[in-house]
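Subject: A structure for you to look through

Hello,

Here is the structure I promised to pass on. Please open it beside this email and follow along as you read.

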Amino acid sequence: MKSFFDYERPELAAMLHPSFRSTQLFKAVYQRRVENFDSITELSKGERASLASEWDIRLPAVHRRFESVDGTRRYLLRLAGGDDGELAETVFIPEETRNTICISSQVGCALACTFCLTGQLGLTRNLTAGEIVTQVLFAQRDNLSEEQAGSFNIVLMGMGEPLHNYDNVMKAIRILHDKHGLNMSMSRITLSTAGLLPAIQQLATEPDIPNLAISLTGATNTKRNELMPINRKYPLEELLAAVRQFPLKHRQRVTFEYVLLKGITDSVEDARNLVKLLRGIRAKVNLIPLNEADELDYQRPTELAIQRFQQVLIDNNVEAYVRKNRGNDISAACGQLMKKWSDIPA
Ligand code: SF4
């Protein structure tokens, strides 16, 4: 059985007869949310039966669901793509003006950033395009009515390095962007990378490009080499040179995520180094005070240190926000759910 969600509409058109069925099916599955082919009554009974024997349109099952007092919902979803029973972490974050769905691109991650729990898991495998797409559909249907269906942004900031799984991630983005499917605008999709340089350069040449976010956490090579081993391969000056050349639309900016670690990345000097680094880049900085976890040897900075850091950026005309901690009561950090709950039966 093939997963419907693994295929772009032109691919489906080449496989289905007549080919316009691909558009009909995209609309039915992505827009009308049908969960079985029998509900697509514009098709003949025979066609429905034949599609049902070949194509799987089921969404992943929930292994665990966690609800925060602030409305954030975290899911461990049982992936349908492999037969390995692996899990992906997906988060729905409600907000007044816009909701956010945070999705994973890999099971675990190979990049071993020292402040990240997912990095401690190592890489198990890449997710398929369909496994990436269905996380979005699951979180959308579990939280938003059909009228609210489009009122969310997607961030690829869950488990994994998206650009390490380039082909599947880009395919999933194209499927989510399809005007006969969810019709997600590229400006509402953000891909966050630790800085895989060749893949950033490749991304820059794509016809449709999502927003780019760079996970920085370290404003000098010495610090970043320690915190993010990928920096030893692609040092800051090369990474920032690629970002400077990245195509941006009018008023679009590159987001830099900077995790604040007490005594390590939170000093005024660190903030000044960050200002220097970002000079000449249309940038926005998200400061992320560490979510502490037993497994991590780092601490969250004091509120004073966080404010002081932000103020240095603002005083130097760098747009800087402190990310609110959402869903803290249900998980301290990305990857923690996976670590704690994957072996425990639901
Ligand atoms: S911060 Fe991102 S790239 Fe680094 S280990 Fe965690 S998931 Fe991987």
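Below is what was found, going from the whole chain down to single residues.

Two notes come before the rest. This is a predicted model, so local features need pLDDT of at least 70 and side-chain atom pairs count only at pLDDT 80 or more, while totals for chains, interfaces and linings use all residues. Residues are numbered from 1 along each chain as its sequence is written.

**The two domains**

The domain assignment divides the chain into domain 1 (2-56) and domain 2 (61-341); such bounds come from an automatic or database domain assignment. Their C-alpha centres are 32 Å apart. Across the boundary, 10 residues of domain 1 are in contact with 16 residues of domain 2 (in contact means that the C-beta atoms, placed from the backbone, lie within 7 Å). On the domain 1 side, helix α2 (residues 21-31) gives the largest share, 4 residues. Helices (H or I, at least four residues) and strands (E, at least two) are DSSP runs, numbered from the N terminus.

Just before that helix there is a detail to look for: the peptide bond from H17 to P18 is cis, with omega near -5 degrees. P18 is in the loop between α1 (9-15) and α2.

**The sheet**

What is the order of the strands in the open sheet of 10 strands? It is β3-β4-β5-β6-β9-β10-β11-β12-β13-β14, with mixed pairing; two strands pair if DSSP finds at least two bridges between them. β3 (61-67) and β14 (319-322) are at the edges with a single partner strand each, so one side of each has no neighbour in the sheet. Neighbouring strands are turned by 20 degrees against each other on average, direction ignored. For such angles, axes are lines fitted to C-alpha atoms, for helices over the stretch in contact, and the values run from 0 to 180 degrees between N-to-C directions.

You can see both kinds of pairing here. β3 and β4 are antiparallel, over 6 bridges, and A61 has R78 in β4 as its bridge partner. Their hairpin has 5 residues between the strands, and G71 takes a positive phi near 95 degrees there. Strands β11 (residues 211-215) and β12 (residues 254-260), by contrast, run parallel and are joined by 3 bridges. In that pair, I214 is matched with F256 of β12.

Helix α5 (residues 129-143) packs on the sheet, where it touches β4 (73-78), β5 (87-93), β6 (99-102) and β9 (152-156). The direction of α5 makes about 40 degrees with that of β5.

**The core**

In soluble globular proteins, nonpolar side chains tend to be buried together. The largest nonpolar core here has 90 residues, and V133, I154, L176 and Y258 have the most contacts inside it. A nonpolar core is a set of buried Ala, Val, Leu, Ile, Met, Phe, Trp, Tyr and Cys residues joined through C-beta atoms within 7 Å. A residue is buried if 20 or more other C-beta atoms, placed from the backbone, lie within 10 Å of its own, exposed if 12 or fewer, and partly exposed in between. α5 gives the most to this core, with 7 residues. The core also draws at least three residues from each of domain 1 and domain 2. Residues touched by L176 include V133, V136 and I154.

**A helix with two sides**

Which residues of helix α11 (residues 268-277) are buried? They are D270, A271 and L274. These cover an arc of only 100 degrees around the axis (taken from the directions from the helix axis to the C-beta atoms), so they are on the same side of α11. V268, E269 and K276 are exposed on the other side. The cover over the buried residues includes β12 and α12 (303-315).

**Single residues to find**

N183 has a positive phi of about 60 degrees although it is not a glycine. N183 is in the loop between α6 (166-177) and β10 (189-193), and counts as partly exposed because it has 13 C-beta neighbours inside 10 Å. N317, also not a glycine, has a positive phi of about 65 degrees. N317 is in the loop between α12 and β14, and is exposed, with 8 other C-beta atoms within 10 Å.

Is Q106, in contrast, buried or exposed? Q106, in strand β7 (residues 106-108), counts as buried, with 27 C-beta neighbours inside 10 Å.

Happy exploring!

Methods: Two residues are in contact if their C-beta atoms, placed from the backbone, lie within 7 Å. Lists of a residue's contacts leave out its neighbours within four places in sequence.
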